[in-house]
Structure formats: C-alpha cells, structure tokens
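Grab a pencil and work through these exercises with the structure open beside you. Each task comes with a solution that goes step by step.

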Amino acid sequence: MSRASSPRPPSTGKASTEPSPAPAAPRRTLKFGPRASIGLLASILISLLASSSAPTPLYAIYQQHWGFSPITVTVVFGTYAVAVLAALLVFGRISDHVGRRPVLLMALLVQAAGMVVFITAGDVGTLLTGRVLQGLSTGAAVGALGAGMLDIDARKGSFLNSFAPTLGTASGAFASGLIVQYLPAPTHLVYIALLGVFVLQAVGVLALNETVRRKDGAVASMVPEFRLPRSARASVAVAAPMIFAVWALAGLYGALGPAITRTLVHSDSVVWGGLPLFVIAGCAGLAVVVLRGAGTHTMMLISVTTLVVGVATTLVSIGSGTGGTGSVIGFFVGGAISGVGFGSGFQGGMRLVIPQAQPHERAGVLSLLYVVCYVGLGVPAVIAGVFVVHGGGLIQTSREYGIAVIVLAFVALAGLLLNGRRTESVRHIAVVRSEDAVSVETPVAQASEV
C-alpha cells in the first residue's frame with residue numbers, strides 16, 4: 001500500500017522509536033554456471049541417443065511376441081530416422097528465434113511421452129508411434145543442444161557435439177541388452193529408467209540460462225528449406241559424404257547387427273544383439289577422445305582408411321554366414337576398426353563445418369548436418385531390410401551394404417583431396433600476387449632512394 005493511502009497514526013510530538021520494516025529479500029532463482037550448463041546439455045544429447053538405440057536389443061523379443069518379419073524391424077528402425085528428419089527440417093532453426101530452453105523443454109516432454117508409449121506397447125503400431133515420438137523429440141532437440149553447447153564454450157562444444165552422440169548410441173544399446181537379459185520386466189524397465197532421466201533433465205532445463213535473444217521469424221523458420229551460409233557450403237560438400245557413410249555404417253550395425261550376430265554366434269541372447277552397435281559406437285567415442293588434438297584433414301584421412309579396412313574385415317569375417325570363433329572375432333574386430341572411422345569421420349566433418357557458421361546460424365547448420373546423419377542412418381537400413389526379405393538374404397545384403405559404405409568412403413576421400421588441392425591453389429595464387437606486388441614496389445622504392 002502506498003504512503004498516500006496509508007492511514008497516519010495520531011501525532012504525539014515525539015520521534016518514533018519503532019524500527020522501520022526491513023525490505024523484502026529478493027527472490028533467488030537457481031541458475032547453472034557454464035560448466036554445469038554444458039554438462040546438462042551434453043547429458044541430454046547422450047540420453048536422447050541412448051533412448052534411440054535402446055530398442056535395438058528388444059527387436060528380437062518383439063519379433064517373437066508379435067510375429068513380424070525382418071523387414072518390419074528395419075521399417076521400425078527407419079521410422080525413427082524419418083521422424084528425426086521431419087523434425088530437423090521443421091524445427092531445426094527455431095531455437096535461433098525462440099531460444100534454446102523452450103525447445104529443449106518441449107522436446108524432453110515429448111520424449112517422456114514416447115517412453116510411456118513404449119512401456120504400454122502391445123503391437124507394431126504402438127511401437128511405431130513410440131519411435132515417431134522419439135524421432136520428433138530428438139530432431140527438434142539436437143540443433144538446439146549443439147548450438148547451446150557452442151554458445152557456452154566453442155571448443156568444448158565442438159568436442160561434445162562429436163562425442164556425446166557416439167557415447168549415447170553405445171551406452172543405450174548395451175545397457176538395454178543387459179537390463180533385458182538379467183533384470184525383470186525386460187520390455188518395460190529400460191523405458192521406465194529413461195523416463196525418470198528425461199523428467200529430471202526437464203527440471204534441470206528450467207535452471208539453464210538462455211544463450212540467445214529472442215527474435216522475429218520463428219514461424220518462417222519452420223518452413224523446410226535447405227539454406228546454407230555461403231561460407232559453409234564448400235565445407236559441407238566435403239563433409240557430407242563422410243558423415244553419410246559413417247552413419248550408414250551405424251545403420252547397418254543397428255538394423256542388421258543383431259541378426260548377423262545371432263547367425264554367427266547361434267545364440268538368442270539379447271546381449272549379443274546389442275553388442276555390435278555398442279562396439280562400433282564405443283570405439284567411435286574413444287576415437288573422438290584420442291584424436292581430438294589431430295588436424296581436421298588428418299582426422300578425415302584416418303576415417304577413410306579405418307572405415308575401408310574395418311568394413312572389409314567385417315565382410316570377410318561374415319563369409320558364408322556359418323559362424324565359428326574366427327568369424328565372430330573378425331566381425332567384432334572389423335566393427336571396432338570401423339568404429340574408429342565412425343568417430344573420426346563424424347568429428348572431422350563437424351570440425352570442418354562448424355567454424356564456418358556464425359552464432360546465429362549454428363542451429364540451422366547443425367540441423368542440416370544431422371539431416372545428413374539420419375538420412376544415412378535410416379534410408380539404407382530400410383532398403384537393406386527389403387533386400388533381406390526379397391533379395392539375396394541377410395549375408396548377401398550385408399555384403400552389398402558394406403561395399404556401398406566403402407564406395408561412399410572413397411567418394412569422401414576424393415572430395416577431401418579435391419578440396420585440399422583447391423585450397424592449395426588459392427594459397428599459391430595469393431603468394432604469387434603478393435610477390436608481384438613486392439616486385440612492382442621495389443624499383444619505385446629504389447628510384448626514390450636515388
């Protein structure tokens with residue numbers, strides 16, 4: 001109540017000795033510092049990718065319960081990738097306009113709803129619904145997460161943008177396999193655990209500081225378009241084939257890996273089913289850590305080499321598909337070597353492109369790179385599923401898939417070499433022009449001295 005409207009006490013002629021009321025203490029809201037903020041964003045990215053790979057060991061159980069064909073497995077796998085693509089195209093740039101926090105909060109709530117759908121799933125249709133919700137949530141979040149980490153710390157953010165997805169993919173598949181194999185409620189417990197994680201992370205997002213200012217154009221940014229900053233176009237042209245190749249390889253291990261392992265090991269254990277994706281993604285994460293100090297060009301060359309050697313080793317080990325100790329060991333050794341190619345190629349591609357984008361362009365550029373990732377992850381896997389059923393079968397299809405990945409790696413190598421020559425040519429022209437300028441200026445300087 002204001003002083004003008006407050007009733008005055010009767011005057012006594014003496015100064016008041018009563019203390020004036022203390023001002024109310026300002027309300028304090030919990031806000032994370034930079035280290036906690038970037039840690040939370042990285043953990044969300046890990047959780048989203050872990051959630052995406054968590055159903056992989058469960059496909060065999062779903063197949064036994066519901067009696068669907070191998071092509072349905074790849075359709076379920078591909079549905080997630082298509083949903084991610086749709087969300088990337090529609091919501092990929094929106095966090096540049098409305099802020100990172102609102103996008104992340106909504107994405108986590110949708111992801112939590114997806115976990116509830118999986119917990120209650122009773123048929124393929126419900127499974128597909130859960131995968132769609134997962135994909136929409138992940139596609140909306142990855143651009144905001146990646147850009148948010150770069151907003152806080154460009155160096156750490158660039159590293160975590162490469163490391164977190166591989167760690168999430170590896171941990172989701174393997175942890176899910178262990179839970180399904182050794183703990184009760186195999187088709188429920190993993191999703192209940194993830195549901196709890198997403199709810200806690202949503203609460204954490206409320207304590208994040210916003211890293212971008214709101215600006216107009218949010219609705220217009222939701223119109224799908226492929227627009228790259230001119231400064232990033234050449235880098236994307238070089239990085240895209242490699243990123244596509246390494247994520248196509250992840251699609252091979254995610255969609256067909258469990259079936260290949262069961263054929264080689266002659267075991268129905270879901271731990272074996274999740275192990276191939278864990279090996280490739282785990283080695284990819286290790287490569288990201290070990291090679292973080294290497295140059296981008298060197299990293300991309302390492303990726304091509306290890307990808308070709310690893311996939312070739314895998315194809316030889318598969319052989320006729322009859323199994324045996326040698327085949328199993330070769331299959332996982334090939335996966336480990338290929339994983340190094342996955343990690344180095346993904347990190348190299350990110351490092352090649354990200355520095356070319358301005359802060360207000362980061363979410364859009366990152367979303368476009370993830371479009372390439374998920375096209376590579378989903379489309380080849382679905383095509384492979386069709387060929388498994390209607391073509392040459394599992395082993396022949398895996399062999400053809402691997403050859404296609406090797407071809408893509410060589411395409412990426414050609415682009416890398418051409419870009420290197422183009423850069424060297426530009427440098428040479430600049431040096432020549434500089435020398436010409438010096439040769440013209442020198443006689444003038446000598447004449448003035450005379």
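**Exercise 1.** Leaving aside its neighbours within four places in sequence, which residues is S47 in contact with?

*Solution.* First, some ground rules: this is a predicted model, where local features need pLDDT of at least 70 and side-chain atom pairs count only at pLDDT 80 or more, while totals for chains, interfaces and linings use all residues. Numbering runs from 1 along each chain as its sequence is written, and side-chain values use heavy atoms, with hydrogens and water left out.

Step 1: find S47 in helix α1, residues 34-53. Helices (H or I, at least four residues) and strands (E, at least two) are DSSP runs, numbered from the N terminus.

Step 2: look for contacts, meaning heavy atoms within 4.5 Å. Beyond those sequence neighbours, S47 is in contact with V197, F198 and Q201.

Step 3: check the burial. S47 has a relative accessible area of 11%, so the residue is buried. The cut-offs are under 20% relative accessible area for buried, over 50% for exposed, and partly exposed in between (1.4 Å probe, protein chains only).

Step 4: look at the side chain. A polar atom of the S47 side chain lies 2.8 Å from the backbone oxygen of S43.

**Exercise 2.** Locate G204, then say which residues it is in contact with, leaving aside its neighbours within four places in sequence.

*Solution.* Step 1: G204 is found in helix α8, residues 189-205. At a relative accessible area of 11%, G204 is buried.

Step 2: the contacts are with F32 and L40.

Step 3: take L40 and compare sequence with space. G204 and L40 are 164 residues apart along the chain, yet their C-alpha atoms are separated by 7.4 Å.

**Exercise 3.** Work out which residues are joined into one network by salt bridges that share partners.

*Solution.* Step 1: apply the rule, a side-chain nitrogen of Lys or Arg within 4 Å of a carboxyl oxygen of Asp or Glu. The count comes to 2 salt bridges.

Step 2: take the pair R100 and D96, whose side chains meet at 2.8 Å, N to O. Both of these residues are buried.

Step 3: now the other partner. D151 forms a salt bridge with R100, and the closest N and O atoms are 3.0 Å apart. D151 lies in helix α6 (residues 124-152) and R100 in helix α5 (residues 100-119), so this pair ties together parts that are 51 residues apart in sequence.

Step 4: compare the accessibilities. R100 comes out buried at 4%, whereas D151 is partly exposed at 23%.

Step 5: put it together. D96, R100 and D151 form one network through shared salt-bridge partners.

**Exercise 4.** Which residues of helix α11 are buried, and why do they sit on the same side?

*Solution.* Step 1: in α11 (residues 257-265), the buried residues are G257, P258, I260, T261 and L264.

Step 2: these residues cover an arc of only 160° around the axis, which puts them on the same side of α11. The arc is that of the directions from the helix axis to the C-beta atoms. An α-helix has 3.6 residues a turn, so residues three or four places apart point the same way.

Step 3: zoom in on L264, which is buried with a relative accessible area of 3%. The C-alpha atoms of L264 and F331 are separated by 8.9 Å, with their positions 67 residues apart along the chain.

Step 4: check what follows the helix. Just after α11, H266 takes a positive phi of about 60°.

**Exercise 5.** Find out which residues form a nonpolar patch on the surface.

*Solution.* Step 1: patch residues have over 30% relative accessible area and no salt bridge; like charges are joined within 9 Å, and nonpolar side chains (Val, Leu, Ile, Met, Phe, Trp, Tyr) within 5 Å.

Step 2: the patch is L178, Y182 and L183, with about 310 Å² of accessible area together. Areas come from the Shrake-Rupley method with a 1.4 Å probe; for residues, only the protein chains shown count as cover.

Step 3: place Y182 in helix α7, residues 154-182. Y182 is exposed, with a relative accessible area of 61%.

**Exercise 6.** How many helices and strands does the chain have?

*Solution.* Step 1: the secondary structure comes to 16 helices and 0 strands.

Step 2: add the burial figure. Of the 450 residues, 50% count as buried.

Note on methods: A polar contact is a pair of N or O atoms within 3.5 Å; within protein, one must be able to donate a hydrogen and the other to accept it, and residues adjacent in sequence count only if both atoms are side-chain atoms.
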